[in-house]
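User: I am new to this structure and would like a close look at a single part of it. Please start from one residue, follow its contacts, and then place that part within the rest of the chain.

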Amino acid sequence: TPLLRRHYLFIKQPDYVPALDVGSRDTQIFKKSTVLYASGENVAEVKSKKALMASFGDHASKVEDFMKVNDLGVKRDGDLIRVFEYYNSLAAPSGQP
């Protein structure tokens, strides 16, 4: 199961109110990114640990135990990489690395 990252820009328009002299006069551009994983032909966003465990199917309990033992979460990129490497080692057919 490949792990993917999607980068995109979010533009926030100015919200200045001249009558009250409050708000921002500048347009702001924010760079956002989301982590996605591919499962077959479907691509889903990593939103929570619970949703991620549901996608692991039969291996969910083993992956959850691995995450507890190694103190891994779904918020840090390095942790997600380790979790998916472990899951891919479980899901790989025998005879393949």
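Analyst: Arg 6 is found in strand S1, and in this predicted model Arg 6 counts as partly exposed, because its relative accessibility of 46% falls between the 20% under which a residue is called buried and the 50% over which a residue is called exposed. Not counting residues up to four places away in sequence, Arg 6 touches Lys 32, Ser 33, Thr 34 and Leu 36. Two of these partners, Ser 33 and Thr 34, are in strand S2, which covers residues 28–39, while strand S1 itself covers residues 3–12. Towards another part of the chain, Arg 6 and Leu 52 are 46 residues apart in sequence, and their C-alpha atoms are 17 Å apart in space.

The partners of Arg 6 can be taken one at a time, beginning with Thr 34. Thr 34 is buried, since its relative accessible area is 12% and the cut-off for buried is under 20%. Apart from residues up to four places away in sequence, Thr 34 touches Leu 4, Arg 5, Arg 6, Tyr 8 and Glu 45, so that the contact with Arg 6 appears again here, read from the other side.

Ser 33, which also lies in strand S2, is partly exposed, with a relative accessible area of 36%. With residues up to four places away in sequence again set aside, Ser 33 touches Arg 5, Arg 6, His 7 and Tyr 8. Arg 5, Arg 6 and Tyr 8 are also among the residues that Thr 34 touches. As a second distance towards another part of the chain, the C-alpha atoms of Ser 33 and Met 53, which are 20 residues apart along the chain, are separated by 21 Å.

Lys 31 has its place in strand S2 as well, and with a relative accessibility of 66% Lys 31 counts as exposed, because the cut-off for that class is over 50%. Leaving aside its neighbours within four places in sequence, Lys 31 is in contact with His 7, Tyr 8 and Leu 9. Lys 31 and His 7 are 24 residues apart in sequence, yet 7.2 Å apart in space from C-alpha to C-alpha. Taken along strand S2, then, Lys 31 is exposed, Ser 33 is partly exposed and Thr 34 is buried.

Between S1 and S2 there is a loop that holds Asp 21. Asp 21 has a positive phi of about 55° although it is not a glycine, and at 53% relative accessibility Asp 21 counts as exposed. A second residue of this kind is Asp 71, in the loop between H2 and H3, where phi is near 55°, a positive value in a residue other than glycine. Asp 71 counts as exposed too, at 61% relative accessibility.

To place this part within the rest of the chain, it helps to look at the overall order of elements. The protein has three helices and three strands, and along the sequence they follow the pattern β-β-β-α-α-α. The radius of gyration is 20 Å, well over the 13 Å that the globule rule gives for 97 residues, so the protein is more spread out than a compact globule. Its C-alpha atoms fill a box of roughly 70 × 30 × 20 Å, taken along the principal axes. Buried residues make up 22% of the 97 residues, and among contacts with a separation of 6 or more, 44% join residues 24 or more positions apart.

The helical part can be followed through its aromatic rings. The count comes to five aromatic pairs, and one of them is the stacked pair of Phe 56 and Tyr 87, at 4.4 Å centre to centre with 25° between the planes. This pair links distant parts of the chain, 31 residues apart, with Phe 56 in the loop between helix H1 (49–55) and helix H2 (60–69), and Tyr 87 in helix H3 (residues 77–91). Both rings belong to buried residues, Phe 56 with a relative accessible area of 3% and Tyr 87 with one of 11%. Ring pairs also link Tyr 37, Phe 56, Phe 84 and Tyr 87 into a cluster. Tyr 37 falls within the residues 28–39 of strand S2, the strand that also holds Ser 33, one of the residues touched by Arg 6.

Methods
Residues are numbered from 1 along each chain as its sequence is written. This is a predicted model: local features need pLDDT of at least 70, side-chain atom pairs count only at pLDDT 80 or more; totals for chains, interfaces and linings use all residues. Side-chain values use heavy atoms; hydrogens and water are left out. Helices (H or I, at least four residues) and strands (E, at least two) are DSSP runs, numbered from the N terminus. The radius of gyration is taken over C-alpha atoms; the globule rule is 2.2 Å times the number of residues to the power 0.38. Buried means under 20% relative accessible area, exposed over 50%, partly exposed in between (1.4 Å probe, protein chains only). Contact means heavy atoms within 4.5 Å. Rings of Phe, Tyr and Trp (its six-membered ring) pair if their centres lie within 6.5 Å; planes under 30 degrees apart count as stacked, over 60 as edge-to-face and the rest as tilted.
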